[in-house]
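Hi everyone, thanks for coming. Today I'd like to walk you through one structure, so have a look at the screen and we'll go piece by piece.

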Amino acid sequence: MQAVIAISIITIVLMLICIIKFPKIKIKRFSFETFWIVPLLSAVIILLFKLLPFDVAFSGLTSSTGINPIKILVLFFSMTFLSVILDELGFFEVLANYALRKVKQSQFALFLILYALTSVLTVFTSNDIIILTFTPFIIFFSKRANISPIPYLVSEFIAANTWSMMLIIGNPTNIYLASSCNIDFFEYISKMFLPTVLAGIVSLGLLLLIFRKSLKKPLEIKLDDVKIKNKPLLIINLICLSMCTLLLSISSYLPINIEMYLISLSFSIILLLSVFVYSLIKKDFTFLLNGFKRLPWTLLPFILSMFIIVLSLKHHNVTLAMSNILSHGSHIFVYGIVSTLMCNLINNIPISVLFSEVVDSSITSEVYASIIGTNIGAFVTPIGALAGIMWLSILKQNNVKFSFLTFTKYGIMLAIPTLIAALIGLSIVL
């Protein structure tokens, strides 16, 4: 047990150092993120020294239960592919431009429209996709309008990581924790609708209060004309995304039980074939290559490695001890607060993997509170979620000054009331 705990702690420390000190390594023309390297090495050590028997690891990776990480990764990557191609076709930029043309000279109107647009798109795609898509656009129009991008950037980040709680597909942590406890799409939204709405209202109110002075200044937006790059592909993409979301919501009520990962995989394959046929006809594989290039491939070794580490902790009864410690007091507030804090020690995806073993699947309050914590935990520091790391990286690339301490200052102000609102909403529902 001591060896597994020691490896887990060392993994956390070294991973934090990688994230803070050198999040990316560049070798000649190639650069890659470092956050996944330490967990991968730790998982290899655990298996080589038989701290987790290979048959136990293989059984965990290939189990037919909802906690199977391969099924969860397929679900996440399928939904991400649908969203990435939608962005490559120019859908998000056209939608944003349309909204911006309606605001005239009011920063308050612009702020509200962008918050609403970010929130709605996050619900039906995912927080990571929205942050990768909208962050460069916000920086661009802020420069053109000669206004501070900070209110809009913070608003985008908070909205994306608040409204990502609404649907099971909004965040990899939702998928992992809900699937591990066999929570279906409709059951999930029935419990998370009110907590998400309350958290969204509170976060928006706080954002308006914090940035009220900056938003009083007038603006003059000059936008380039943008168009959809391929309308037939866009229609196919929107149909696939809409049908996929619909079937995910009713899958547990169909006469034939179809698992969620198979539904999302089927529609992503339909889109993939459509884009491939188009690319062959036009002899232009730009959409396809960019789509695959933008998929978060580093999540594969990261999640699988963290799963091996958590399995080893479970094998040595460490997760059982954690569960016993957390069982005291209110399940909702204990799990919500602890998961939020722990996200900022080891990131929200490892926490979702860990808490999938710690929570009692028969006590739904523990599961949903942990989901809330792994979403709102992204507010507090950039370490809280991969979205935060990517977001700060984009800001740095575009010479937008926003330090670790500034992130934490805004994050704490927004996280505490938003978390309380969400947990109160969960208490009402349950």
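**Salt bridges and a nonpolar patch**

Let's start with K71: this residue is buried, with a relative accessible area of 15%. Before I go on, please keep in mind that what you see is a predicted model.

So what does K71 pair up with? K71 forms a salt bridge with E259, and the closest N and O atoms are 3.1 Å apart. Now look at where these two sit, because the cut-off for buried is under 20% relative accessible area, and K71 at 15% falls below that. Its partner E259 is another story: E259 is partly exposed, at 31%.

How many salt bridges does the structure hold? There are three. The K71 pair links distant parts of the chain. K71 is in helix α4, residues 69-88, while E259 is in the loop between α11 (231-250) and α12 (260-282), so to speak 188 residues down the road.

Okay, next pair. The side chains of D87 and R294 also meet in a salt bridge, with 2.6 Å from N to O. Here again distant parts of the chain are linked: D87 belongs to helix α4, R294 to helix α13 (residues 286-294), and 207 residues separate them.

Are these two buried or exposed, or something in between? D87 counts as buried, at 14% relative accessibility. R294, at 27%, counts as partly exposed.

And R294 has a further partner. The side chains of R294 and E88 meet in a salt bridge too, at 3.0 Å from N to O. R294 lies in helix α13 and E88 in helix α4, so this pair ties together parts that are 206 residues apart in sequence. E88 counts as buried, with 11% relative accessibility. Put those pairs together, and you get one network of D87, E88 and R294, joined by salt bridges that share partners.

Now let's leave the charges and go to the surface. Which residues form a nonpolar patch there? They are M1, I5, I9, I10, V13, L14, I17 and F22, and together they have about 670 Å² of accessible area.

Take I17 as one of them. I17 lies in helix α1, which covers residues 2-21. Why can I17 be part of a patch? Patch residues need over 30% relative accessible area, and I17 is partly exposed at 38%.

That's my tour. Happy to take questions!

Conventions: Residues are numbered from 1 along each chain as its sequence is written. This is a predicted model: local features need pLDDT of at least 70, side-chain atom pairs count only at pLDDT 80 or more; totals for chains, interfaces and linings use all residues. Side-chain values use heavy atoms; hydrogens and water are left out. Patches are made of residues with over 30% relative accessible area and no salt bridge: like charges are joined within 9 Å, nonpolar side chains (Val, Leu, Ile, Met, Phe, Trp, Tyr) within 5 Å. Accessible areas come from the Shrake-Rupley method with a 1.4 Å probe; for residues, only the protein chains shown count as cover. A salt bridge is a side-chain nitrogen of Lys or Arg within 4 Å of a carboxyl oxygen of Asp or Glu. Helices (H or I, at least four residues) and strands (E, at least two) are DSSP runs, numbered from the N terminus. Buried means under 20% relative accessible area, exposed over 50%, partly exposed in between (1.4 Å probe, protein chains only).
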